[in-house]
Amino acid sequence: MNEWSFGRRAVMKAMLAVSAAPWVLHSRAFASSCDDHIVRLGGVTAPDTMNPFASWNVYWPLVFTYDWLVGVEAQRYPDRKGFAKEWSVGDDTLTWTLKIWPEMKWSDGQPATARDAAFTYNYLRGSMGTPDELSVGWNNTNGLQNVESIRAVDDETLQIVTKVPTRWPIDHHTMIVPEHIWKGISYADARGTFRNDPPLVGTGPMIVSEFQQGQFVRLTPNAYFRTGQPATAGVIFHLFNTADPIAQGLKSGSLDYGYGLTVAQWADLSKDSAILVGESPVDQRDYLAFNTASGDGAGSTKALQDVAFRDAIGYAIDQKVIVDRAMRGHAAHGVGAIPPTHANFYSDLSDIRRHFDLAEAARCRRLSGHQQRWHAGGQRGKQPPTRADHGIWLR
């Protein structure tokens, strides 16, 4: 990755989200031209720290600075490798061996090795069960309960042994941090007061060099990036709490790239020939959830415990109208709990997909009334077939 091809006034992706919060511009980093080779991004996000152990709101922009052990889609695309160059699992399905890039360096020039990766995970593991467990940020202890051990065999070899067969070693999203920066930070500070102020030290292509909360984050090229320093002079990530200024910035040319746009803005920007508009699948889902518990914690009505009654509601919802009108076509009909974006786990359940059918909804409602009397008679040995709950998946 030695060249980033962001075109001026180009929206490469529009991840659909909605925000109605007010926004006031304070950034001094606006207003420039293409000549400085600085990419200007805009997003609906509000990081309050650069500490991945203390906040969930740091994905943007820390994803440019820190590597995951294995990058997103690295199994399919060789240019998306993370901290590890390659990996394998033993015949026991429990022992993972990951080879770290040889002679890789942190952005401050110090060696980046398997020992830093082992430190990151063991730093998290060591906090488990303590009052200051690191469970409140992007880097958290989730999944580590299934890990038996993590150790650096040598500078280029990381070994992870799990308690049960799992893909966690290559599928989790922990940002690898440098031991020489974090080893002196207490768990209490890591999950609280330590802000990790710039300039950060990472192995990603761009390093956070300045952070003005609520305004912008400035990133500069990592001179030690493993495949060569990016050709761009830098990135300025403008922080917004509503999508309106992003759309205006794309129209005026003060922004090169924006995400977090609304469906209406997507449609409006699509009319501008100078703006390239796209969309990316996201795992957001809109669905109805029913409190079907009995005893303590039960819902306010027993009707929700009735499968036929829930079927009646399902058949009475016109998903196509919601997708076409509310999402303007930028969504997929839901079927089951797993979104179509997770193709490796998703099954086509079209044969049991509910469809909009008021007559069928009425039939199910009548059946539910019969079932309530049937249950009251004490016959609990048989239950009608359970249909999958459905929702709407945003693309």
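Helices are DSSP runs of H or I with at least four residues and strands are DSSP runs of E with at least two, both numbered from the N terminus. The model is predicted: local features require pLDDT of at least 70 and side-chain atom pairs pLDDT 80 or more, whereas totals for chains, interfaces and linings use all residues. Residue numbers start from 1 along each chain as its sequence is written, and side-chain values use heavy atoms, without hydrogens or water.

**Figure 1. Overview of the predicted protein chain, with 10 helices and 12 strands.** The chain has 395 residues, of which 43% count as buried (under 20% relative accessible area; exposed is over 50%, partly exposed in between, with a 1.4 Å probe and protein chains only). About 19,900 Å² of surface is accessible, and carbon and sulfur atoms hold 51% of that area (Shrake-Rupley method, 1.4 Å probe; for residues, only the protein chains shown count as cover). Among contacts (heavy atoms within 4.5 Å) with a separation of 6 or more, 67% join residues 24 or more positions apart.

**Figure 2. Confidence along the chain, including two stretches with pLDDT below 50.** The mean pLDDT (the predictor's confidence in each residue, from 0 to 100) is 82, and 83% of residues reach 70 or more. Residues 1-32 stay under 50, although the model places 109 contacts beyond four places in sequence for them. Residues 370-390 also have pLDDT below 50, and this stretch has 27 contacts beyond near neighbours in sequence.

**Figure 3. The open five-strand sheet E6-E7-E8-E1-E9.** Pairing in this sheet is mixed (two strands pair if DSSP finds at least two bridges between them). Strand E6 (206-212) and strand E9 (257-259) are the edge strands, each pairing on one side only. From one strand to the next, the twist averages 20° (axes are lines fitted to C-alpha atoms, for helices over the stretch in contact, and angles run from 0 to 180 degrees between N-to-C directions). Seven bridges link strand E1 (residues 38-44) to strand E8 (residues 234-240) in the parallel sense; in this pair, Arg40 stands opposite Ile236 of E8. Helix H6 (residues 244-252) lies across E1, E8 and E9, and runs at about 155° to E9.

**Figure 4. The open four-strand sheet E2-E3-E5-E4.** Pairing here is antiparallel. E2 and strand E4 (147-154) each have a single partner strand, so one side of each is left without a neighbour in the sheet. The twist averages 20° from one strand to the next. Helix H2 (residues 114-127) packs on this sheet and touches E3, E4 and E5; its direction makes about 155° with that of E4.

**Figure 5. Strand E3 (residues 95-100) and its two faces.** Side chains in a regular strand alternate between the two faces of the sheet. In E3, Trp96, Leu98 and Ile100 form the covered face, whereas Thr95, Thr97 and Lys99 form the uncovered one. Strand E2 (residues 84-89) runs antiparallel to E3 and is joined to it by five bridges; Val89 has Trp96 of E3 as its bridge partner. The hairpin of E2 and E3 has five residues between the strands, and Thr93 takes a positive phi near 60° there. E3 also pairs with E5 in the antiparallel sense, over five bridges, with Thr97 opposite Gln159 of E5.

**Figure 6. Surroundings of Pro165, in the loop between strand E5 (157-162) and helix H3 (168-171).** Pro165 is exposed, at a relative accessible area of 59%. Beyond its neighbours within four places in sequence, Pro165 is in contact with Thr93 and Leu94. The C-alpha atom of Pro165 is separated by 9.0 Å from that of Thr95, 70 residues apart along the chain.

**Figure 7. Surroundings of His330, in the loop between helix H9 (319-326) and strand E11 (331-333).** His330 counts as buried, because its relative accessibility is 7%. Its side chain makes a polar contact of 2.8 Å with the side chain of Glu279 (a pair of N or O atoms within 3.5 Å; within protein, one must be able to donate a hydrogen and the other to accept it, and residues adjacent in sequence count only if both atoms are side-chain atoms).
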